[in-house]
Amino acid sequence: MNRILKLLFFLLIFINGNIFALGNQENAANIDPVIPELNNETGNTIAFLPAPESSRAEQVMKALAAAYPQQIEYAEFRDGDWAVLLRDKWYYYADGRILPQELRSNAADYSGQPFYNYQIELPPWREPSADESSRYRNMTNNRRTNPPRRSSHFFDDLWRAHNRDESYERVKTIRFLGKSTMVHYMILEELSLVEEHILAAAKTDPQVQTWINNLDTLEGWLWRNIAETQSRSYHSYGLAVDLIPRSWGGRETYWLWAAERRSDWWNISYNNRFHPPAAVIKAFETFGFIWGGKWTLFDTMHFEYRPEILILSGIPVQTRR
């Protein structure tokens with residue numbers, strides 16, 4: 001009798017245990033365990049917390065992986081931060097600096113990379129308030145006295161252009177709307193598709209055809225820093241183009257040029273800025289280019305290849321796989 005009671009007792013424990021386990025499988029699947037990682041320097045085991053859900057770091061690194069599938073294998077949370085694997089080398093978010101493992105501890109030495117929300121439509125113009133004007137004035141002064149210094153390590157590796165000679169090896173000549181320039185060979189197809197869309201729009205939109213007829217030069221690759229900064233220009237990689245017309249029609253195109261003529265450059269309305277037609281801007285954005293006319297420090301002649309910015313902002317981009 002005692003043996004039977006013992007068997008019944010253990011049977012009840014087994015059944016209840018399995019019922020409990022089955023009932024908690026769904027909840028358990030939603031819990032990220034704390035995974036111990038080995039510190040290679042000390043040999044000690046350090047427990048890293050799971051990644052915060054939908055953090056900015058996760059969004060940025062996943063956007064980079066989606067934007068550059070030919071160069072980046074994938075993004076994952078590792079060593080306490082979100083990272084991407086770029087040609088067998090890990091790059092970490094590092095508070096927005098995007099740094100390799102060996103430079104993570106020096107993140108404070110660099111300015112953050114500009115991963116911002118890009119607006120699909122240009123917001124209606126309004127005159128800046130007194131507080132905004134003061135902020136823009138300080139921004140101008142600070143830029144000249146304390147220019148940003150962003151790390152170029154990630155983008156140098158991404159485009160395999162660590163110096164002028166390497167960059168020059170990556171660029172090819174392209175004919176775009178009848179003008180010639182040099183750009184990185186990996187965006188030749190994207191620019192060709194942009195051109196197709198612009199020419200198609202010109203057939204039904206006289207404003208686009210007039211803009212094409214007024215186009216004078218196309219400036220692409222040029223190894224240099226962004227004006228008044230220590231940060232590399234996207235022209236240095238051959239990933240930016242400036243579309244320069246025969247005449248600006250008395251309007252402004254670049255905030256820094258405008259600042260030479262008037263101290264309140266931020267107060268120049270859209271009507272007094274030279275804007276390409278909306279169909280032209282849309283054609284560039286469709287294939288991964290952002291337009292400088294949507295920046296506070298406006299540069300309306302400028303387009304640069306930054307599909308990750310559009311992806312981060314929820315704007316559809318046609319990328320090659």
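How much space lies in the second largest pocket? In this predicted model, the second largest pocket holds about 430 Å³ of space. Before the pockets are described further, the chain as a whole deserves attention.

The protein chain has 321 residues, and buried residues make up 42% of them. It contains 11 helices and 12 strands. Among contacts between residues at least 6 apart in sequence, 59% join residues at least 24 apart.

Helix 3 covers residues 56-67. Its 12 residues should span 16 Å at 1.5 Å a residue, and the end C-alpha atoms are indeed 16 Å apart, so the expected and modelled values agree. Buried residues of this helix are Ala 57, Glu 58, Val 60, Met 61, Ala 63, Leu 64, Ala 65 and Ala 67. An α-helix has 3.6 residues a turn, so residues three or four places apart point the same way. The buried residues of helix 3 pack against several elements: strand 3 (72-78), strand 4 (81-86), strand 5 (89-92), helix 5 (153-159) and helix 11 (307-312).

Between strand 4 and strand 5 runs a loop that holds Arg 87. With a relative accessibility of 35%, Arg 87 counts as partly exposed, because that value falls between the limits of 20% and 50%. Arg 87 and Asp 157 are 70 residues apart in sequence, yet their C-alpha atoms are 8.4 Å apart in space. The side chain of Arg 87 reaches the backbone oxygen of Asp 157 at 2.6 Å. A polar atom of that side chain also lies 3.2 Å from the backbone oxygen of Leu 158. Leaving aside residues up to four places away in sequence, Arg 87 touches Gln 71, Asp 157, Leu 158 and Arg 160.

The largest pocket contains about 970 Å³ of space. Of the 38 residues that line it, Pro 114, Arg 143, Arg 150, Ile 226 and Trp 295 are the closest to its centre. Helix 4 (130-145), helix 9 (255-259) and strand 12 each supply at least two residues of the lining, and the largest share, 3 residues, comes from helix 4. By class, the lining has 16 nonpolar, 13 polar and 9 charged residues.

One of the residues closest to the centre of this pocket is Arg 150, which sits in the loop between helix 4 and helix 5. Arg 150 is partly exposed, with a relative accessible area of 26%. Its C-alpha atom is separated by 4.8 Å from that of Ser 111, although the two residues are 39 apart along the chain. The side chain of Arg 150 reaches the backbone oxygen of Gly 112 at 3.2 Å. Beyond residues up to four places away in sequence, Arg 150 touches residues including Tyr 110, Gln 113, Pro 114, Ile 226 and Ser 231.

Strand 12 (residues 302-305) includes Glu 304. This residue counts as buried because its relative accessible area, 8%, is under 20%. Its side chain makes a polar contact with the side chain of His 302 at 2.9 Å. Apart from residues up to four places away in sequence, Glu 304 touches residues that include Tyr 234, Leu 239, Phe 289, Ile 290 and Trp 295.

The description closes with the second largest pocket. Its lining consists of 19 residues, and Pro 123, Trp 125, Tyr 136, Tyr 270 and Thr 296 lie nearest its centre. This lining has 10 nonpolar, 3 polar and 6 charged residues.

Terms used. Residues are numbered from 1 along each chain as its sequence is written. This is a predicted model: local features need pLDDT of at least 70, side-chain atom pairs count only at pLDDT 80 or more; totals for chains, interfaces and linings use all residues. Side-chain values use heavy atoms; hydrogens and water are left out. Helices (H or I, at least four residues) and strands (E, at least two) are DSSP runs, numbered from the N terminus. Buried means under 20% relative accessible area, exposed over 50%, partly exposed in between (1.4 Å probe, protein chains only). A polar contact is a pair of N or O atoms within 3.5 Å; within protein, one must be able to donate a hydrogen and the other to accept it, and residues adjacent in sequence count only if both atoms are side-chain atoms. Contact means heavy atoms within 4.5 Å. The expected span of a helix is 1.5 Å times one less than its number of residues. On a 1 Å grid over the protein atoms alone, a cavity is a set of points where a 1.4 Å probe fits but cannot get out, and a pocket is an open set with protein on both sides within 12 Å along at least five of seven lines; lining residues have an atom within 4 Å of a point. Grid points are joined across faces, edges and corners, and a volume is the space filled by probe spheres set on the points. Ala, Val, Leu, Ile, Met, Phe, Trp, Tyr, Cys and Pro count as nonpolar, Asp, Glu, Lys and Arg as charged, and the others, Gly among them, as polar.
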